[in-house]
Amino acid sequence: QVQLVESGGGLVQAGGSLSLSCTASTRTFSYSMGWFRQAPGKEREFVARISWSGGSPLYADSVKGRFFIFRDNAKNTVFLQMNSLKPEDTAVYFCAASGRDRERDGYEYWGQGTQVTISA
């Protein structure tokens with residue numbers, strides 16, 4: 001069982017930046033890692049994904065060019081750098097992991113989420 005703990009959420013003004021972290025309880029160097037988000041009243045949606053090797057980053061169209069996912073396997077941690085934030089980025093952000101090569105869905109392990117709020 002893999003436990004994931006997110007951190008780094010908070011309140012920031014539109015146009016600002018935040019960096020989220022997700023640390024796993026076990027070695028995740030062979031896992032696909034992803035970030036998802038859920039805004040109030042909406043379904044959870046895919047944000048970004050990175051392969052076990054750190055390559056093949058994949059982004060939702062809504063965040064492409066503004067968000068960047070990267071990982072440090074030595075620390076069992078995946079990061080989401082969020083720039084040029086918009087009010088519509090407000091959501092609870094979740095980290096996810098899978099022992100298989102996943103992209104936009106199919107992740108087995110999920111964190112509890114961290115709140116990101118962007119003020120206009």
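Counting salt bridges in this predicted model gives six. Side chains of opposite charge can pair when their charged atoms come close. Three of these pairs are worth a look one by one, and the table gives the closest N and O atoms for each.

| Arg partner | Acidic partner | Closest N to O distance |
|---|---|---|
| Arg37 | Glu45 | 2.6 Å |
| Arg49 | Asp101 | 2.4 Å |
| Arg66 | Asp89 | 2.8 Å |

Take Arg49 and Asp101, a salt-bridged pair. Arg49 sits in strand β5 (residues 45–50), while Asp101 is in the loop between β9 and β10 (109–110), so this pair ties together parts that lie 52 residues apart in sequence. How buried or exposed is each partner? Arg49 is buried, with a relative accessible area of just 3%. Asp101 counts as exposed, because its relative accessibility is 62%.

Now for Arg66 and Asp89, whose closest N and O atoms are 2.8 Å apart. Here a loop meets a loop: Arg66 lies between β6 (58–59) and β7 (67–72), and Asp89 lies between β8 (77–82) and β9, so the bridge ties together parts 23 residues apart in sequence. Arg66 counts as buried at 10% relative accessibility. Asp89 is buried as well, with a relative accessibility of 1%. Which residues do shared partners join into one network? Arg37, Glu45, Arg66 and Asp89 are linked that way by salt bridges.

That brings in the Arg37 and Glu45 pair, with 2.6 Å between the closest N and O atoms. Arg37 is buried, at 5% relative accessibility. Glu45 counts as partly exposed, because its value is 36%, and the cut-off for buried is under 20%.

On to the covalent link. A disulfide is a covalent bond between the sulfur atoms of two cysteines. How many does the structure hold? There is one, and it joins Cys22 to Cys95 with an S to S distance of 2.0 Å. This pair links distant parts of the chain, with Cys22 in strand β3 and Cys95 in strand β9 (residues 91–98), 73 residues apart. The torsion about the S-S bond is about -80 degrees, so the Cys22 and Cys95 disulfide is left-handed. Buried or exposed? Both Cys22 and Cys95 are buried.

Next, two threonines in different settings. Thr114 is found in strand β11, which covers residues 114–119. With a relative accessible area of 11%, Thr114 is buried. What does its side chain reach? The side chain of Thr114 comes to 3.2 Å from the backbone nitrogen of Gly9. Setting aside neighbours within four places in sequence, Thr114 is in contact with Glu6, Ser7, Gly8, Gly9, Leu20, Ala91, Val92 and Tyr93.

Thr26 lies in a loop, the one between β3 (18–24) and β4 (32–38). Thr26 counts as partly exposed because its relative accessibility is 32%. Which residues does Thr26 touch, not counting those up to four places away in sequence? They are Val2 and Asn76. As for Thr77, its C-alpha atom is separated by 10.0 Å from that of Thr26, and the two residues are 51 apart along the chain.

Finally, the chain as a whole. There are zero helices and 11 strands, so to speak a run of β after β from start to finish, as the pattern β-β-β-β-β-β-β-β-β-β-β spells out. Along the principal axes, the C-alpha atoms fill a box of roughly 40 × 25 × 25 Å. The radius of gyration is 13 Å, which agrees with the value near 14 Å that a compact globule of 120 residues would have.

How much of the chain is buried? Of its 120 residues, 45% count as buried. The accessible surface comes to about 6200 Å², and 47% of that belongs to carbon and sulfur atoms. Contacts across the sequence are part of the picture too: among those between residues at least 6 apart in sequence, 56% join residues at least 24 apart.

Terms used
Residues numbered from 1 in each chain as written. Predicted model: local features only at pLDDT ≥ 70, side-chain atom pairs only at ≥ 80, totals over all residues. Heavy atoms only, no water. Helix = DSSP H or I, 4+ residues; strand = E, 2+ residues; numbered from the N terminus. Buried < 20%, exposed > 50% of the residue type's maximum accessible area, 1.4 Å probe, protein only. Contact = heavy atoms within 4.5 Å. Polar contact = N/O pair within 3.5 Å; in protein donor to acceptor, adjacent residues only side chain to side chain. Disulfide = S-S within 2.5 Å. Rg over C-alpha atoms; globule rule 2.2 N^0.38 Å. Areas by Shrake-Rupley, 256 points an atom, 1.4 Å probe, with all protein chains shown as cover. Salt bridge = Lys/Arg side-chain N within 4 Å of Asp/Glu carboxyl O.
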